[in-house]
Amino acid sequence: MEENFTSSSPSTGLSSSITYITYLIFDILSILCSLFVLYYLLSDRALRRALNNHIIIVLLFLGITYELTAISWDLYYLRNGIPWIESPIFYLFSFFLDYGLYVTQIVLFAWATIERHILIFHNQWITTKKQRFYVHYLPIIIILIYCLIYFSLITFAPFCEDSFEPYITGGVFIPCVFMRTILGTLDLLIHQVIPTVIIVIFSVGLIVRVLWQKRKRNQLLQWRKHRKMTIQLLSISILYLTFNSPWTILIFASQYGLAEDIVAIPMVYAVYFRSYVLFLFPFVCCGSLSELRGKVKKVFYRRQRNQIGAIESLKIAPTTHK
């Protein structure tokens, strides 16, 4: 089949062929890795019941949904030069999933950085079922419901008339309610800037608190116990800050007066690399879960041992002569 790449990728301006190939490869690998991690987290009772893994499971499901929908539709546009479905309803639904899912996972992870302090330093707050519901489960439920209602309203409610020309031509679709409005500014602050600041503050705070507790002799056992949760959170925090912060900083700067010609080129790459938060998230989870790494090593070690055994059997097998 003849490939018909557009000259630029949706919302980036980068070479369409490069964006298509890299997104396609990382999308497939990320989905496979997400399914692999989810299988082990959900099939192992201890991992499934561990409170620190619950937010990871939710984020993995959100990531798979994003990659199967928003990224797949971007890939279709990159290859064919037109949206998958040419309909205003599809354009709105595409924005709802793209921006809605992306913001939801950022807000959820910002909460995860706060909750990790509770799980490590204040586990007396979650000793009973009632405490676990209000402190652990309820915030996750509230964030998911809030994001669903909020993005449904700003996307589908007829506050004003949207223009879909940017989306059709491969640009960034922005709802009319965000166009130079107070709501647009609040959305940027609440859903982009504040979660990023929270991730930075509570991740750095976790490092400081863990190092301080580790220095105390009577806290050595607790450090060993909670080291896995600390490493897991910090690994994911680095991923979010590396790929999401440039996008957030540039959007914030352009909103408050930075010249468009200064922002334009960096924004091209910031938008492109923003998706790598979701692409790389399952790999970081896989690497930060020591139990999962141990299982993977056992699988590969068992296969390697079986292959060596089969080779040795062939070497010592007697040969027959007529």
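**A helical predicted model: surface patch, salt bridge and ring pairs**

Leu-153 counts as partly exposed, its relative accessibility being 46%. In this predicted model, Leu-153 sits within helix 5, which covers residues 129–156. Leu-153 also belongs to a nonpolar surface patch of about 890 Å². Its partners in that patch are Phe-133, Tyr-134, Tyr-137, Ile-141, Ile-145, Leu-148, Ile-149 and Phe-159. A relative accessible area over 30% is needed for a patch residue, and the 46% of Leu-153 satisfies that condition.

The setting of this patch is a helical protein. The secondary structure amounts to 11 helices and zero strands, so read from the N terminus the elements are α-α-α-α-α-α-α-α-α-α-α. Of the 322 residues, 43% count as buried. Confidence is worth a glance before going further: the mean pLDDT of the protein is 81, with 77% of the residues at 70 or more. Among the elements, helix 5 has the highest mean pLDDT, at 94, whereas helix 6 (residues 165–168) has the lowest, at 56. Where pLDDT is low, it is wise not to read the predicted coordinates in detail.

The UniProt record, an unreviewed entry, places the feature "transmembrane region" at residues 20–42, 54–77, 89–112, 133–157, 189–212, 233–253 and 273–292. Two of these spans can be set beside the model. Over residues 54–77 the chain is 100% helix and 0% strand, with the end C-alpha atoms 34 Å apart. Over residues 133–157 the chain is 96% helix and 0% strand, and here the end C-alpha atoms are 33 Å apart.

Turning to polar contacts, the count of salt bridges comes to one. The side chains of Arg-274 and Asp-98 form this bridge, at 3.7 Å from N to O. Because Arg-274 lies in helix 9 (residues 260–274) and Asp-98 in helix 4 (residues 88–121), the pair ties together parts that are 176 residues apart in sequence. With a relative accessible area of 9%, Arg-274 is buried.

Aromatic contacts offer a longer list, for the count of aromatic pairs comes to 28. Two rings are described by the distance of their centres and the angle of their planes. Trp-73 and Trp-84 make a stacked pair, with 6.1 Å centre to centre and 15° between the planes. Trp-73 lies in helix 3 (residues 51–80) and Trp-84 in the loop between helix 3 and helix 4, so this contact ties together parts that are 11 residues apart in sequence. The two residues fall into separate accessibility classes: Trp-73 counts as buried at 12% relative accessibility, while Trp-84 is partly exposed at 46%.

A second stacked example comes from Phe-109 and Tyr-240, whose ring centres are 4.5 Å apart and whose planes meet at 5°. Phe-109 lies in helix 4 and Tyr-240 in helix 8 (residues 220–255), so this pair ties together parts that are 131 residues apart in sequence. Phe-109 and Tyr-240 are both buried. Helix 4 thus takes part in this ring pair through Phe-109 and in the salt bridge through Asp-98. Ring pairs also build up a cluster, which links Tyr-23, Phe-26, Phe-243, Tyr-272, Phe-273, Tyr-276 and Phe-279.

Conventions: Residues are numbered from 1 along each chain as its sequence is written. This is a predicted model: local features need pLDDT of at least 70, side-chain atom pairs count only at pLDDT 80 or more; totals for chains, interfaces and linings use all residues. Side-chain values use heavy atoms; hydrogens and water are left out. Patches are made of residues with over 30% relative accessible area and no salt bridge: like charges are joined within 9 Å, nonpolar side chains (Val, Leu, Ile, Met, Phe, Trp, Tyr) within 5 Å. Accessible areas come from the Shrake-Rupley method with a 1.4 Å probe; for residues, only the protein chains shown count as cover. A salt bridge is a side-chain nitrogen of Lys or Arg within 4 Å of a carboxyl oxygen of Asp or Glu. Helices (H or I, at least four residues) and strands (E, at least two) are DSSP runs, numbered from the N terminus. Buried means under 20% relative accessible area, exposed over 50%, partly exposed in between (1.4 Å probe, protein chains only). UniProt positions are given in the numbering used here, feature names are shortened, and annotations may be inferred rather than shown by experiment. pLDDT is the predictor's confidence in each residue, from 0 to 100. Rings of Phe, Tyr and Trp (its six-membered ring) pair if their centres lie within 6.5 Å; planes under 30 degrees apart count as stacked, over 60 as edge-to-face and the rest as tilted.
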